[in-house]
Amino acid sequence: MELKEKAFKSVSRKNHPEDTVLDIGGVKVGGNNFTLIAGPCSVESEEQIIGIARAVKASGAHMLRGGAFKPRSSPYAFQGLKALGMDYLSEAKRVTGLPIVTEIMNINHLSLFSDVDIIQVGARNMQNFELLKELGRTDKPILLKRGLANTLQEFLMSAEYIMSEGNYRVILCERGIRTFEGVTRNTLDLSCIPIIKEATHLPIIVDPSHSTGIAKLVAPMSYASMAAGADGLIIEVHNDPENALCDGDQSILPTEFDVISKKLSGMAELFGKAT
Ligand code: PEP
Ligand code: MN
């Protein structure tokens with residue numbers, strides 16, 4: 001079944017043949033750039049986020065991720081440090097100079113995001129159309145993650161929702177979809193990368209952490225993502241994965257991130273990318 005491309009106006013490559021290249025605090029996303037976003041699942045303390053930010057920056061990360069508002073399956077699980085976590089992220093940005101990426105769950109929190117460089121819409125909110133429309137009225141770049149059970153058609157229509165309100169700075173993220181397979185947390189749909197690159201001019205990055213749920217799979221899926229044509233990666237890195245408050249099983253150590261980053265730099269030329 002093919003994509004119904006007529007449904008996409010702003011998203012479509014037909015109406016915008018060149019790749020969209022975003023400049024976010026001096027970091028380029030899209031085109032021949034390969035952007036590395038790294039950091040913990042959740043901001044846990046000021047020391048934790050600054051320590052990880054320093055480490056991933058030294059290893060070549062271009063941006064820092066970290067959740068302050070966490071969508072958790074259980075209401076009793078750690079929900080994030082919220083406003084305090086946002087302050088710690090800002091401090092990590094100030095100390096390292098890395099632009100920051102963090103998830104919004106409620107549009108009423110938007111005023112807390114003024115220092116945020118990319119607002120993430122998590123998989124669970126991919127079809128929260130009212131949220132998408134509100135974000136379409138902001139001037140912030142949006143990282144839109146594919147929903148757990150959403151088709152590529154639906155994924156691109158959600159990007160269209162944001163763009164239809166005037167915000168053209170959208171980055172797509174493939175983060176795995178739910179299938180019958182239970183060994184991995186989700187199934188990484190890498191074949192969507194060339195399909196999406198053909199259909200749209202928007203950058204698309206891969207999240208090898210949530211898509212596999214298994215730390216040792218992050219490295220091979222990162223290399224495969226570059227080979228598939230992705231514009232970058234968003235990777236969960238934690239200083240102490242065993243004691244992480246969220247997603248420890250899929251979190252890699254800063255030393256492991258360093259190995260991945262170096263290998264990707266070595267691969268980049270072959271795949272027409274600059275790291
Ligand atoms: C996350 O990035 O921490 C996250 C919750 O991701 P997703 O929405 O893809 O599950
Ligand atoms: Mn996570």
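These legends describe close-up views of ligand 1 and two pockets in a predicted model.

Local features need pLDDT of at least 70 and side-chain atom pairs pLDDT 80 or more, while totals for chains, interfaces and linings use all residues. Residues are numbered from 1 along each chain as its sequence is written, chains are lettered from A and ligands numbered from 1 in the order written, and side-chain values use heavy atoms, without hydrogens or water.

**View 1. The shell around ligand 1.** Ligand 1 is surrounded by 13 residues, each with a heavy atom within 4 Å. The closest are Arg65, Lys70, Ala123, Lys145 and Arg175. The shell holds 7 charged, 3 polar and 3 nonpolar residues.

**View 2. Polar contacts to ligand 1.** A polar contact here pairs N or O atoms within 3.5 Å. Arg124 places a polar side-chain atom 2.9 Å from a ligand 1 oxygen. For Lys145, the distance from a side-chain N or O atom to an oxygen of ligand 1 is 2.9 Å. For His210, a polar side-chain atom is 3.4 Å from an oxygen of ligand 1. The protein covers 97% of the 290 Å² of accessible area that ligand 1 has on its own (Shrake-Rupley method, 1.4 Å probe).

**View 3. The largest pocket.** Ligand 1 takes up the space of the largest pocket, which offers about 280 Å³. Its lining has 20 residues, with Pro71, Arg124, Arg185, His210 and Asp247 closest to the centre. The lining divides into 10 charged, 5 polar and 5 nonpolar residues. A pocket is an open set of points on a 1 Å grid over the protein atoms alone, where a 1.4 Å probe fits, with protein on both sides within 12 Å along at least five of seven lines; lining residues have an atom within 4 Å of a point. A molecule sits in a pocket if more than half of its atoms lie within 2 Å of its grid points.

Methods
A polar contact is a pair of N or O atoms within 3.5 Å; within protein, one must be able to donate a hydrogen and the other to accept it, and residues adjacent in sequence count only if both atoms are side-chain atoms. Ala, Val, Leu, Ile, Met, Phe, Trp, Tyr, Cys and Pro count as nonpolar, Asp, Glu, Lys and Arg as charged, and the others, Gly among them, as polar. Grid points are joined across faces, edges and corners, and a volume is the space filled by probe spheres set on the points.
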